[in-house]
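Trainee: Could you take me through one part of this model at close range, the main nonpolar core and what is packed around it? I'd like the overall picture first, then the details.

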Amino acid sequence: MLTNQLRAEPEESYPTLPGRFQRSDVERLVTACSAPLGLSSACLRALLVMIQATRPSDWRDETRDAVCFMQQAQVAARLGVTPRALRYQEARLERLGLLKRNLAADGSRGRFAGGELIQGISFAPLIESFPHLLRIVEQLEAEERERQILKRRVSASRRILSQTLSRLAALDKVAPGPAEILETMPRRYDGLGESELRTLLRCVDNATREALQLLEMQQDSSGVPENSFRPHIQDTTKENPVCSGSSAIERTARKRADCIKTDAAPFGTASYYEKKRGLADRGFKPGYLETFTPAQLYEAASPDMQMYLDAGRRSGSTLTAHDFIQAAIAILPALGVNASAWDDAADAMGDLPAALCVLVLDANRYRPVNPVWSPGGMLRAMTERARNGSLNLHGSLIALQRRVG
């Protein structure tokens with residue numbers, strides 16, 4: 001005997017946001033990538049108003065569609081536009097694959113037939129596109145981080161070039177090419193894209209190296225280094241590649257008290273409080289390349305830092321403080337260090353000591369005991385110690401040398 005078995009139809013399944021993402025994350029993403037998506041400000045605003053008219057829980061419930069049921073006239077009133085203008089914006093958003101209009105002929109919206117019929121603006125396409133939008137935003141954020149690093153590298157190189165030209169002027173020597181580069185450089189870099197910043201960096205970096213080389217030639221030919229300048233130090237052993245420091249960039253732009261103590265070592269924690277401080281003129285604290293040769297600093301650096309140092313300097317040339325500064329700024333993204341942490345460090349102690357702090361914390365990521373887990377927190381901690389006069393950077397560099405020795 002045949003029996004009829006009633007089978008319940010499976011409920012319709014709707015896309016949901018991945019992981020722990022919420023509706024608010026969708027609003028953040030569409031705002032951040034509105035330009036790559038080709039969204040006008042009017043379309044973006046309309047999209048956000050309609051998103052905010054949905055239930056937040058529907059974006060994470062696979063049994064419910066995230067739908068805006070608000071009447072078109074009401075949405076238009078909130079936006080301050082005509083219903084006709086809103087219809088155009090809705091059509092534009094639908095073509096971009098950010099929503100789907102499930103509307104009756106008269107444009108009515110709501111739940112009908114006992115909730116079986118749903119009419120309104122469905123954001124199922126936007127939820128399905130969420131991973132793609134997330135990748136776009138991550139790429140935009142990575143590009144912005146790179147821009148910030150490039151801006152700081154340009155600024156650091158510019159300061160060295162300016163100081164080096166001043167030293168040359170004191171020796172009655174001129175460097176027409178580098179001087180022209182300095183004079184024609186833009187004062188601000190906010191409007192420059194990544195490619196423009198890279199071009200500018202190459203230009204000012206070449207000018208800086210040319211000026212530094214001319215200054216070293218003048219000091220070598222005179223036989224007597226300028227007062228308070230360190231003599232040219234060079235290591236020619238096979239174990240250490242030929243490296244030298246440039247005396248042109250070791251003095252601070254402003255007078256700072258010596259904050260080195262021998263009984264304290266830098267410290268840092270993963271949760272160290274990061275606070276933005278005001279910036280001031282930055283210079284280069286003397287003494288470190290008097291105590292350590294560039295070859296010794298190179299050997300103490302991690303393989304990653306050595307790679308950045310090798311990539312930055314010209315082929316066959318010796319290392320200078322300029323190379324250490326450029327390498328330290330360039331490695332910041334790989335270490336997960338915010339560019340503002342570099343600003344604070346350079347403001348507190350000068351570019352060269354800040355660069356050596358980065359060298360130390362990077363190398364200490366690999367030490368067997370108490371490795372550095374939070375380079376950003378460590379740099380903030382070292383900066384704070386520099387401000388209160390308890391930073392022992394010399395001691396940290398000596399410890400690195402002993403470990404690799």
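Mentor: Sure, let's start wide. Among contacts in the protein chain between residues at least 6 apart in sequence, 75% join residues at least 24 apart. Keep in mind that this is a predicted model. The chain has 17 helices and six strands, and buried residues make up 48% of its 405 residues.

Now for the core you asked about. The largest nonpolar core has 47 residues, and Trp342 and Val358 are the ones with the most contacts inside it. Helices H7 (130-170), H11 (294-300), H12 (303-312), H13 (321-335), H14 (339-349), H15, H16 (375-388) and H17 (393-404) are the elements that each give it two or more residues. H15 supplies the largest share, ten residues. As a bit of background, nonpolar side chains tend to be buried together in soluble globular proteins. There is also a second, separate core, with 35 residues, including Leu29, Cys33, Leu44 and Leu126. We'll come back to that one at the end.

Let's look at H15 itself. This helix covers residues 351-363, and its 13 residues reach 18 Å from the first C-alpha to the last, close to the 18 Å expected at 1.5 Å a residue. As for cover, 13 of the 13 residues in H15 are buried. Follow Val358 outwards and, not counting residues up to four places away in sequence, you'll find that it touches Met305, Ala328, Ile331, Leu332, Leu335, Trp342 and Leu379.

Trp342, the other residue with the most contacts inside the core, is found in helix H14. Its relative accessibility is 0%, so it counts as buried; the cut-off for that is under 20%. Leaving aside its neighbours within four places in sequence, Trp342 is in contact with Arg152, Ile325, Ala328, Ile329, Leu332, Asp351, Ala354, Ala355, Val358 and Leu379. Take Ala354 from that list: Trp342 and Ala354 are twelve residues apart in sequence, and their C-alpha atoms are 7.3 Å apart in space.

Arg152 in that contact list takes us to the packing of H7 on H14. The axes of H7 and H14 are 10 Å apart and meet at an angle of about 20 degrees. Angles under 35 degrees count as roughly parallel, and therefore so do H7 and H14. From H7 the contact uses Gln148, Ile149 and Arg152, while H14 brings Ala339, Ser340, Trp342 and Asp343. By type, that contact between H7 and H14 divides into three nonpolar, two polar and two charged residues.

H13 is another contributor to the core. Its 15 residues should span 21 Å at 1.5 Å a residue, and the end C-alpha atoms are indeed 21 Å apart. H13 is mostly covered, with 13 of its 15 residues buried. Right after H13 comes Gly336, which has a positive phi, near 75 degrees.

While we're on phi, two loop residues are worth a look. Most residues other than glycine have a negative phi. Asp172, in the loop between H7 and helix H8 (176-184), has a positive phi near 60 degrees. Asp172 counts as exposed, at 71% relative accessibility. Asn370, in the loop between H15 and H16, also has a positive phi, near 50 degrees. The relative accessible area of Asn370 is 59%, which makes this residue exposed.

For a buried residue in another helix, try Leu215, in H9 (residues 194-222). Leu215 has a relative accessible area of 0%, so it is buried. Leu215 and Leu168 sit 47 residues apart in sequence, yet the distance between their C-alpha atoms is 6.2 Å.

Finally, back to the second core, which includes Leu29 and Leu44. Here's a helix pair to look at: the axes of H1 (residues 23-32) and H3 (residues 41-52) come within 11 Å and cross at roughly 175 degrees. That angle makes H1 roughly antiparallel to H3. H1 makes the contact through Arg23, Val26, Glu27, Val30 and Thr31, and H3 through Leu44, Leu47, Leu48, Ile51 and Gln52. Sorted by type, the residues of this contact are six nonpolar, two polar and two charged.

Conventions: Residues numbered from 1 in each chain as written. Predicted model: local features only at pLDDT ≥ 70, side-chain atom pairs only at ≥ 80, totals over all residues. Heavy atoms only, no water. Axes fitted to C-alpha atoms, helices over the stretch in contact; angles between N-to-C directions. Helix = DSSP H or I, 4+ residues; strand = E, 2+ residues; numbered from the N terminus. Parallel < 35°, antiparallel > 145°, perpendicular 65-115°, else oblique. Contact = heavy atoms within 4.5 Å. Nonpolar A, V, L, I, M, F, W, Y, C, P; charged D, E, K, R; others polar. Expected span 1.5 Å × (residues − 1). Buried < 20%, exposed > 50% of the residue type's maximum accessible area, 1.4 Å probe, protein only. Core = buried A, V, L, I, M, F, W, Y, C linked by side-chain atoms within 4.5 Å.
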